[in-house]
Amino acid sequence: MKISELSIDKQVIELLSKEGLDELYPPQQHAIEAGVLDGKNLVLASPTASGKTLVAELCILQHVLEHRGKAIYLAPLRALASEKFKEFQRYSAIKKPNGDHVRAGISTGDYDSSDPWLGRYDIILCTNEKADSLLRHKAPWMSELTLVVADEVHLLTEQERGPTLEVVLTRLTEINPNIQVLALSATVRNAEEVGSWLKAGSVTTDWRPVPLREGIYHDNQVQFRDGASRVILSGTKTPSLDIALDVLSTGGQALIFTETRRSAVEMGRKASVAVKSRLSKPEERALTSIAERILSTGEKTRLSEALAMQVAGGAGFHHAGLAGIHRGIVEDAFRDGRIKVLAATPTLCLPAGEEIFGNPAPIAIEKLSSHDKVLTHGNVFENVIAPTSRWYDGPLVKITPWFQLPMRMTPEHNVLRVIRERHSLRTRGTNRHWWTYSQPEWVAAKNLSTGDLVLFPRIKEEHDLQCIDLSEQGSLSNQYGVVGKHWSRLKIASLELTPQTLEVLGLFLAKGYTGRQGQVMFALNTKETELTSIVTNWLITIGLRPSVIYSERHRRVIRACSKQLAETLRALCGRGAVEKRIPHQLVYLPNNQLAHVVRGMWRGDGDVTESGARTARYSTVSRGLAKQLFAVLVKLGYMATIKISKRAGITSKQGLAITHKRDLYTVSVSGKQLTRFILDILRVKSNKFVGNREFNRGYLDSDYYYMPIRTVEQEPYQGTVHNLEVNGHNSYVGSFVVHNSAGVNLPARAVVISSYERYEAGYGRYPISVLEYKQFCLPPDVPVILEDGSPIPIGRIVKDRIGERVLSMSNPHGVVSKPIAGYFEREAAELVEVSTAIGRTLSATPEHPVLSRREDGSPAWIPIKSIRIGDHLAYAREVPTSESHVYWVDLIGIHAGEPSQEIYSPKIQRCRPTSRG
């Protein structure tokens, strides 16, 4: 179908034509035929790059230009929303019927606002979480929406993020009963079920613009899943490189994934030698220029020099050890077709929900974008270059250090580790003990052990901030419209960061809250007369008239009214107890100023125990605030501890049920450092608070807080995992420092996995993720026929019968005896079972090929998951015996109703997960 044949605005057709888009892809045509441009709800599930976004764009423009409607585009990640926003910007040249240009707006942060300004836009892009916030704050323009596009709708099944998307879609359809819903996904399996819930039709297709062929290399030949094969010339004695050079001979590029960084560098060197002779003179000149850019930008190291040398030869390598600027140059050169072969290591990730210490506060990794900064092991906040994500089904390593909350990651993700050793010296009358510490090193998470030290950096970035600007005064309106700014009692133009102001801000974090009408309030105990005096005097100083209101249960509330101050405090410190955070501007303050903020917080919600192991504690229901306070205390030079108490369902020592609805986070300081904390920070002069024990688990120096690992565990995980590419120090911080482990995501003619195993120092070889290398497997109980005709479970062969000869299919259809050339085993999440009318069954992983018959009668290898009732499958005509060496097979499948002939009726069902496949 031609785009010009569509009933859409001519401006759209002309713009798309200039971009070279003339004809629709099959999935796009199916969506049009399903009525998506006629206002019908639709679930569109098709592979990546099959044109789903264009369908959404055509539908959106149809609503804006012809129905005078408004559309919202929901994306799961900030980065994806930003990417789509850039794509929608190109439609700003199109005019609406009223003469105005089409406008697109984006909002992905600040969950405390209804963002009324978004109502001016025709296309609004936001994350699912932001849309949920807008609905809760009753954004007035939400009722004007006529179309909602939900990208990555398969996230409905995710435990962490699915409920938010479900609630957003449900509420949008409730607010706007006639709204059209377009759901997009590349991987949704139950499109019809999702469509039924959304009252929508569904289009599901495996079509992609460039066919994806998967194969396995063995003995100078690539055997593809569809039964085809390709002979590879062996010229370099390195199979991966031979395959890449074969791809180059057809005009393509190749990515080679290797086991380690060192092997990526070595593969790049070999590729450079082999590719250089195949380059033309113009290509050589262009690559020389790129190599010179690598040498002239960023820090010059042996690694960058090796990279420049390889790039000059038309190849290169890519891994997390490269500087971000050099990775960018390599990626651009490969994307432009200059670099022909690129060796890389795969991306390593953290699961959704893991919080990263960013600016302005700790935030879930999946919510970070290229606009954010994160704390690195260089003790400063650095820019996120790009977030990445992928699907992962496998084990996660859960690391729980002393003093910190646990953190999960894929087993290969690198962690900054230090090993310490205890030494003793015994002489007559004296015993001496001391620790020695190794240099920090990057180690895979799965290689960490109990007792190893993980690191949390001391923030060294400081800004000598003098004041914070107040929010703008609101508009004053009457029957004639806006007549000026709202009147304010405040005598100040900004908050001057005096010791008094900083302490009051700390008190607000602990005891303060704001009202919708501009009230600023502090809830105190009637005994806290000194705090009452501090707050009221400060409010009077800035021009307000505070009042003290007494309520039940020995409480008093200090109240003042200033909408300008209330909005400023909400923006700085968050709304509500759960969302409280230390303003990021204050985290950068010099330590002598930052101490005033901590003092105010502790005087509000902290205490110091007087018995047992004396401890200074601060408790909050805000996870982000607790993590910030931990980092601030480390910055101030204290070995802090953060713990979480699951409150609901717990009983106290007296047997009383504790019914708190939220988790409680406690940050504490104890040991002999407690004395210094009380004197220097809390400024309490009392000998009874002297610490009574020495800290011997942790260690603090000028750069890091060293925390021993308490436990290392594994837990299963299935879902999206995420990673960040970070500028500068190539790391980021959750509960401790991890490497950014940057991978590569570039288009290539061929991707070569050099081995289905990876090597890790100190651990050995292990299989890589099935997502990186799709293996075809049978469950262990499936029988395989040996050379002598006897059946044996394939699991036995893998375990203890290596070297046996088994019956195998030869071309065209002969069964012959062949030796086992290799084997492997892996975990499988599901199996497909095919059962037949003659009693034979077969179970295999969904991608495992079986021999079937095409419509033209020729045999073909197809995945077992694609078998349908009525298909014709191959099986041995005779039962093998030891006297016969070749057995022919038939393709059986005759119509039902002819009893003299056998009928193959495959029946597919999803089986329970198996522990080994």
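1. The chain contains 20 helices and 57 strands. The model is a predicted one, and the points below describe that prediction. Of the 917 residues in the chain, 50% are buried. Contacts between residues at least 6 apart in sequence are mostly long-range, with 65% of them joining residues at least 24 apart. The exposed area of the chain comes to about 44900 Å², of which 49% is supplied by carbon and sulfur atoms.

2. On the interior: the largest nonpolar core has 104 residues, and the members touching the most other members are Phe456, Leu565, Leu633 and Phe677. Helix α18 gives this core its largest share, 9 residues. Another core lies apart from it and holds 38 residues, including Ile3, Leu44, Leu147 and Leu182.

3. Ser622 deserves a separate look. This residue sits in the loop between β35 (615–620) and α18 (623–636). Is Ser622 buried or exposed? Its relative accessible area is 1%, under the 20% cut-off, so Ser622 counts as buried.

4. Which backbone oxygens does the side chain of Ser622 reach? One belongs to Lys580, at 2.7 Å. Another belongs to Val578, whose backbone oxygen lies 3.2 Å from a polar atom of the Ser622 side chain. Leaving aside residues up to four places away in sequence, Ser622 touches Ala577, Val578, Glu579, Lys580 and Tyr665. Val578 and Lys580 thus appear both as polar partners and in the list of residues touched.

5. Strand β9 covers residues 221–224 and has side chains that alternate. Val222 and Phe224 point to one face and are buried. Gln221 and Gln223 point to the other face and are not buried. In a regular strand, side chains alternate between the two faces of the sheet.

6. What does β9 pair with? On one side of the pairing list is strand β8 (residues 215–217), which runs antiparallel to β9 and is joined to it by 3 bridges. Within this pair, Ile216 has Gln223 as its bridge partner. The two strands form a hairpin with 3 residues between them, and Asp219 in the turn has a positive phi of about 55°.

7. Strand β10 (residues 229–231) is also antiparallel to β9, and 3 bridges join the two. Here Gln223 stands opposite Ser229 in β10. Gln223 therefore has a partner in each pairing: Ile216 and Ser229. Gln223 also belongs to the face of β9 whose side chains are not buried.

8. Two arginines should be checked for backbone geometry. Arg68 is not a glycine, yet has a positive phi of about 50°. Arg68 is placed in the loop between α3 (52–66) and β2 (70–75). Arg68 counts as exposed because its relative accessibility is 70%, over the 50% cut-off.

9. The other is Arg683, a residue other than glycine with a positive phi near 55°. Where does Arg683 lie? Its position is in the loop between α19 (673–682) and β40 (699–700). With a relative accessible area of 54%, over the 50% cut-off, Arg683 is therefore exposed.

10. Taken together, the loop residues discussed fall on both sides of the burial scale. Ser622 is buried, whereas Arg68 and Arg683 are exposed.

Key:
Residues are numbered from 1 along each chain as its sequence is written. This is a predicted model: local features need pLDDT of at least 70, side-chain atom pairs count only at pLDDT 80 or more; totals for chains, interfaces and linings use all residues. Side-chain values use heavy atoms; hydrogens and water are left out. Helices (H or I, at least four residues) and strands (E, at least two) are DSSP runs, numbered from the N terminus. Buried means under 20% relative accessible area, exposed over 50%, partly exposed in between (1.4 Å probe, protein chains only). Contact means heavy atoms within 4.5 Å. Accessible areas come from the Shrake-Rupley method with a 1.4 Å probe; for residues, only the protein chains shown count as cover. A polar contact is a pair of N or O atoms within 3.5 Å; within protein, one must be able to donate a hydrogen and the other to accept it, and residues adjacent in sequence count only if both atoms are side-chain atoms. A nonpolar core is a set of buried Ala, Val, Leu, Ile, Met, Phe, Trp, Tyr and Cys residues joined through side-chain atoms within 4.5 Å.
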